[in-house]
Amino acid sequence: MTTQQTAPESRRETVPSRPEPAPSARVAGGGGATGSTTLSGGLSGAGAPADSRGRTSIADVVVVKIAGIAAREIPGVYDMGGGLSRTIGAVRDRVPGGRPNVGRGVKVEVGERQTAIDLDLVVEYGVPITDVARDVRENVVSAVERITGLEVVEVNVTVNDVHLPEDDGEEAYGDSRVE
């Protein structure tokens, strides 16, 4: 009995220089573990146009800071973050040499060309919350898209608290009935 053996077909395998990040559930081409996104893949060589020589990467923290600053610019936003993060932030703000955390209350998912943003807000008592949320969304989308060039696919706003005018005083709810 004769058996015929054939040589395996020649295959050319390509090995990527680095693994591709896993896609995010909300943002196409999620940022992965690197914490940054590449906006443009650059060309190299003397013949390439100057504006395309190299790559541009934007770290997640950049989007966090831009969104935090843009949200705080809106009248009616008193503070940002949940209760614990605001408490820790207040302590940090009082420490000499400490600086405010503009990213408090902001979470982002950054992909190759898109980003999704979650904001936790504390609003002033008496302002229409839906109007504040709309204005925050518009300002955040405008700032992030203008500064980074990323497309903002969504801005989710959660209002965690309402700041009452008497919260600024020493006693939160007026005079005590008990001496």
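Trainee: Which residue forms a salt bridge with D79, and how many Å apart are the closest N and O atoms?

Mentor: Good place to start! Keep in mind that this is a predicted model. The partner of D79 is R104, and the closest N and O atoms of this salt bridge are 3.0 Å apart. The pair ties together distant parts of the chain, since R104 sits in the loop between α2 (83–94) and β4 (106–110) while D79 belongs to strand β3 (residues 77–80), 25 residues apart.

Trainee: Is R104 buried or exposed?

Mentor: To read this, look at the relative accessible area: under 20% a residue counts as buried. R104 has 11%, so R104 is buried. D79 is buried too, because its relative accessible area is 17%.

Trainee: How many salt bridges are there by this rule?

Mentor: The count comes to four. Let me take you to helix α3, where R134 and D131 both lie, three residues apart, or about one turn of the helix. Their side chains meet in a salt bridge with an N to O distance of 3.3 Å. R134 also meets D135 in a salt bridge, here at 3.4 Å from N to O. Salt bridges that share partners thus join D131, R134 and D135 into one network.

Trainee: What does relative accessibility say about R134?

Mentor: Values from 20% to 50% fall in the partly exposed class. R134 has 40%, so R134 counts as partly exposed. D131, at 31%, counts as partly exposed, and D135 does as well, at 28%.

Trainee: Helix α3 also packs with helix α1. At what angle do α1 and α3 pack, and how many Å apart are their axes?

Mentor: The general idea is that two packed helices are described by the angle between their axes and the distance between the axes. Here, helix α1 (residues 60–72) and helix α3 (residues 129–148) pack at about 140 degrees, with axes 8 Å apart. That angle makes α1 oblique to α3. As for handedness, α1 passes α3 in a right-handed crossing.

Trainee: Which residues in α1 meet which residues in α3?

Mentor: From α1, the residues are V63, I66, A67, A70 and A71. On the α3 side they meet V136, N139, V140, A143, V144, I147 and T148. Sorted by class, this contact of α1 with α3 has ten nonpolar residues, two polar ones and no charged ones.

Trainee: Where is E73 placed?

Mentor: E73 is in the loop between α1 and β3. A relative accessible area over 50% counts as exposed; E73 has 52%, so E73 is exposed. You can also compare sequence with space here: E73 and V136 are 63 residues apart in sequence, and their C-alpha atoms are 8.3 Å apart.

Trainee: One more, please. Which residues is D120 in contact with, leaving aside neighbours within four places in sequence?

Mentor: First find D120 itself, in strand β5 (residues 114–124). With those neighbours left aside, D120 is in contact with M80, G81, G82, G105, K107, T158 and N160.

Trainee: And why does D120 count as buried?

Mentor: Use the cut-off again: buried means under 20%. D120 counts as buried because its relative accessible area is 17%. Try finding D120 in the structure above, then look for its contacts, including M80 and K107.

Notes
Residues are numbered from 1 along each chain as its sequence is written. This is a predicted model: local features need pLDDT of at least 70, side-chain atom pairs count only at pLDDT 80 or more; totals for chains, interfaces and linings use all residues. Side-chain values use heavy atoms; hydrogens and water are left out. Axes are lines fitted to C-alpha atoms, for helices over the stretch in contact, and angles run from 0 to 180 degrees between N-to-C directions. Helices (H or I, at least four residues) and strands (E, at least two) are DSSP runs, numbered from the N terminus. Angles under 35 degrees count as roughly parallel, over 145 as roughly antiparallel, 65 to 115 as roughly perpendicular and the rest as oblique. A crossing is left-handed if the near helix is turned anticlockwise from the far one by less than a right angle, and right-handed if clockwise. Contact means heavy atoms within 4.5 Å. Ala, Val, Leu, Ile, Met, Phe, Trp, Tyr, Cys and Pro count as nonpolar, Asp, Glu, Lys and Arg as charged, and the others, Gly among them, as polar. Buried means under 20% relative accessible area, exposed over 50%, partly exposed in between (1.4 Å probe, protein chains only).
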